[in-house]
Amino acid sequence: MAAPIAYTAHSFPTAGIASTAYSLIATDLDGTLLRGDDTVSDRSFAALARVAEAGARHLVVTGRPAPRVRPLLEDLGSTGLAVCGQGAQLYDPRADRLLWSVTLDRELAETALGKIEAEVGQVHAAVDQDGVDGLTLIEPGYLMPHPTLPALRVERRADLWCAPISKVLLRHPALSDDELAQTARSVVGSLATVTMSGPGTVELQPCGITKATGLALAAEHLGLSPADTVAFGDMPNDIPMFRWAAHGVAMANAHPELKEVADEITLSNEDDGIAVVLERLFPQG
């Protein structure tokens, strides 16, 4: 792979870079399209409007479950499909329904948790329930890494399994996210897919399910392909999506593992990194 293009806050090089219009723009939300306060900048809104005017599709691809994505899609004015729950859900906001979803077997989830805790001691867990009205349940000791997301605290771990779930979220009181994710991958095996999607967010999801599988399903639904797609992200859970898409763009604030596989590195989510790239790919006439 060629060295990725890298931008700085005061340098937006364009010479020698081909302006290529893609038909599908796949963006992560947290740390990518969204700023730290969960808002989208005016410049990013304008860049997404250019995408729409050119006839291309914008597709949200996020770890957030469908119920936590719905209000953000409304703010974006988006009525297109959204890949949610790390690829476990394909959500249609116009009909407010899931076109496709897959759940994590709750017995397998409990077994996976037991294997992890046998290695690292007690972890604190939460779950995202399946469905367009699914709740986020958190056990005692679990702290939501994103305080704006609503969650319901339960009294004991057994209460987490009261309804079908799309994924389990894990936190450890001492280990870093990278350490917890590495250990989890080494012991979970085929029980689940382990991902790291943000600070304090190590997750277990159905085996084989990633953002790439969800994005591929959405693209097929739209009659598009990897060759049509440019993807934006910031965390290791975006790696499968980058490998699937023709062009992967990491944010300046991205995890080093994602930067290693990116075709391009743009500015941070706070500095309109997505807009910088889209303005190049979709220039105004």
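**Exercise 1. The negative patch**

Which residues gather in a patch of negative charge on the surface? Name the elements that give two or more residues to this patch, then place glutamate 260 and classify its exposure.

Solution.
- Step 1. The model is a predicted one. In it, Asp178, Glu179, Glu257 and Glu260 form the negative surface patch.
- Step 2. Two elements give two or more residues to the patch: α4 (177-188) and α7 (256-261).
- Step 3. Glutamate 260 sits in helix α7.
- Step 4. Exposed means over 50% relative accessible area. Glutamate 260 has 66% relative accessibility, so this residue counts as exposed.

**Exercise 2. A salt bridge between two helices**

State how many salt bridges the structure holds. Then analyse the pair of arginine 43 and glutamate 279.

Solution.
- Step 1. There are 14 salt bridges in the structure.
- Step 2. In one of them, the side chains of arginine 43 and glutamate 279 meet, at 2.7 Å from N to O.
- Step 3. Arginine 43 belongs to helix α1 (residues 42-53) and glutamate 279 to helix α8 (residues 273-281), so the bridge ties together parts that are 236 residues apart in sequence.
- Step 4. Partly exposed covers the range between the buried limit of 20% and the exposed limit of 50%. Arginine 43 counts as partly exposed because its relative accessibility is 31%. Glutamate 279 is also partly exposed, at 23%.

**Exercise 3. Two further pairs**

Describe the salt bridges of arginine 94 and arginine 280. Give the exposure of each partner.

Solution.
- Step 1. Arginine 94 pairs with aspartate 92; their closest N and O atoms are 4.0 Å apart.
- Step 2. Arginine 94 is exposed, with 64% relative accessibility. Aspartate 92 is buried, at 11%.
- Step 3. Arginine 280 and glutamate 264 meet through their side chains in a salt bridge of 2.8 Å, N to O.
- Step 4. Arginine 280 is in helix α8 and glutamate 264 in strand β15 (residues 264-265), so this bridge ties together parts 16 residues apart in sequence.
- Step 5. Buried means under 20% relative accessible area. Arginine 280 has 12%, so it is buried. Glutamate 264 has 0% and is therefore buried.

Which residues are linked in a network of salt bridges? Asp28, Lys211 and Asp238 are.

**Exercise 4. The setting of helix α8**

Decide how far α8 is enclosed by the rest of the structure. List its buried residues and name elements that cover them.

Solution.
- Step 1. The buried residues in α8 are Gly273, Ile274, Ala275, Val276, Val277, Leu278, Arg280 and Leu281.
- Step 2. Eight of the nine residues of α8 are buried, so the rest of the structure largely encloses this helix.
- Step 3. The cover over these buried residues includes β2 (24-27), α1, β13 (229-233), β14 (247-250) and β15.
- Step 4. Recall that α1 holds arginine 43, the partner of glutamate 279 in α8. Likewise, β15 holds glutamate 264, the partner of arginine 280.

**Exercise 5. Two buried residues and their contacts**

Locate threonine 210 and valine 120. For each, give the burial and the contacts beyond four places in sequence.

Solution.
- Step 1. Threonine 210 lies in the loop between β12 (201-205) and α5 (211-222). Its relative accessible area is 17%, so it is buried.
- Step 2. With residues up to four places away set aside, threonine 210 touches Gln86, Gly87, Thr193, Gln205 and Pro240.
- Step 3. The C-alpha atoms of threonine 210 and leucine 24 are separated by 18 Å, and the two residues are 186 apart along the chain.
- Step 4. Valine 120 lies in helix α3 (residues 106-120). It counts as buried, at 19% relative accessibility.
- Step 5. Beyond its neighbours within four places, valine 120 is in contact with His172, Leu175, Leu180 and Thr183.

**Exercise 6. Positive phi**

What sign does phi have in glutamine 86 and in aspartate 272? Place both residues and classify their burial.

Solution.
- Step 1. Phi of glutamine 86 is positive, near 60 degrees, in a residue other than glycine.
- Step 2. Glutamine 86 is in the loop between β4 (82-84) and β5 (89-92). It is buried, with a relative accessible area of 1%. Glutamine 86 is also one of the contacts of threonine 210.
- Step 3. Phi of aspartate 272 is likewise positive and near 60 degrees.
- Step 4. Aspartate 272 is in the loop between β15 and α8. It is buried, at 16% relative accessible area.

Terms used
Residues are numbered from 1 along each chain as its sequence is written. This is a predicted model: local features need pLDDT of at least 70, side-chain atom pairs count only at pLDDT 80 or more; totals for chains, interfaces and linings use all residues. Side-chain values use heavy atoms; hydrogens and water are left out. Patches are made of residues with over 30% relative accessible area and no salt bridge: like charges are joined within 9 Å, nonpolar side chains (Val, Leu, Ile, Met, Phe, Trp, Tyr) within 5 Å. Accessible areas come from the Shrake-Rupley method with a 1.4 Å probe; for residues, only the protein chains shown count as cover. Lys and Arg count as positive and Asp and Glu as negative; His and the chain ends are not counted. The place of a charge is taken as NZ of Lys, CZ of Arg, CG of Asp or CD of Glu. Helices (H or I, at least four residues) and strands (E, at least two) are DSSP runs, numbered from the N terminus. Buried means under 20% relative accessible area, exposed over 50%, partly exposed in between (1.4 Å probe, protein chains only). Contact means heavy atoms within 4.5 Å.
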